[in-house]
Amino acid sequence: MSVRNDLPVLGSLGELGDLVQRHPDLYVRWSRGPRIDLSRVSSKDDLTGVLMPGLSANPLGVEPWWEDRPVELWVARRLYDYCHLPREKGRDIRPWVLRGREEGRGPDNEPLVAGVEPVAWIDERVIEEARAAVHEQTGRWGPLRRHDEQ
């Protein structure tokens, strides 16, 4: 694990999986980073422009029904769902891990997190690992935008 802007950088799905197993209360957020996000601690609904009471994020904690399946595949799916965001919102959009309290839900049913504590950046190599892990599966599935740029 390296360090960037005073935060550790997770360099593999294994590192992220280990972190999630130790701390199941974590979220992932795709944005320009905590320095910018923490200045306002609010997300804006793209459709309506309404400010929401917290940062849009997605939980990383493994659900009980996942049972003993690999946590790396769980977190790969959580990352893959939103891997289209840098392409759609700008190349400086990157995933980072945070801890906080859920203040509500956004219009896409995503948690809105306040009291945010940045934990780590997620390296691009982890996103590539997530893509590979998802593509190795036999089921038909894809990111939320349901097209892959590979």
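The lining of the largest pocket in this predicted model is a mix: 12 of its residues are nonpolar, six are polar and 11 are charged. That pocket holds about 840 Å³ of space. There are 29 residues around it, and if you want to find its centre on screen, look for Lys-44, Asp-46, Ser-56, Leu-85 and Lys-89, which are the closest to it.

So where do these lining residues come from? Several elements chip in with at least two residues each: strand S3 (26–31), helix H2 (34–37), strand S4 (43–44), strand S5 (51–52) and helix H4 (85–89). The top contributor is S3, which gives four residues to the lining of the largest pocket.

How do we spot pockets like this in the first place? The trick is to roll a probe the size of a water molecule over the atoms, which shows where empty space is left.

Now let's move to the second largest pocket, with a volume of about 200 Å³. Here 11 residues form the lining, and the ones closest to the centre are Pro-86, Arg-87, Arg-91, Arg-94 and Glu-124. Two elements give two or more residues to this lining: H4 and helix H5 (124–135). You've met H4 already, as it also supplies at least two residues to the lining of the largest pocket. Which element gives the most to the lining of the second largest pocket? That's H5, with four residues.

What about the chemistry of the second largest pocket's lining? It divides into four nonpolar residues and seven charged ones, with no polar residues. Compare that with the lining of the largest pocket, where six residues are polar.

Technical notes. Residues numbered from 1 in each chain as written. Predicted model: local features only at pLDDT ≥ 70, side-chain atom pairs only at ≥ 80, totals over all residues. Heavy atoms only, no water. 1 Å grid on protein atoms, 1.4 Å probe; cavity = no way out; pocket = protein on both sides within 12 Å on 5 of 7 lines; lining within 4 Å. Points joined across faces, edges and corners; volume = space filled by probe spheres on them. Nonpolar A, V, L, I, M, F, W, Y, C, P; charged D, E, K, R; others polar.
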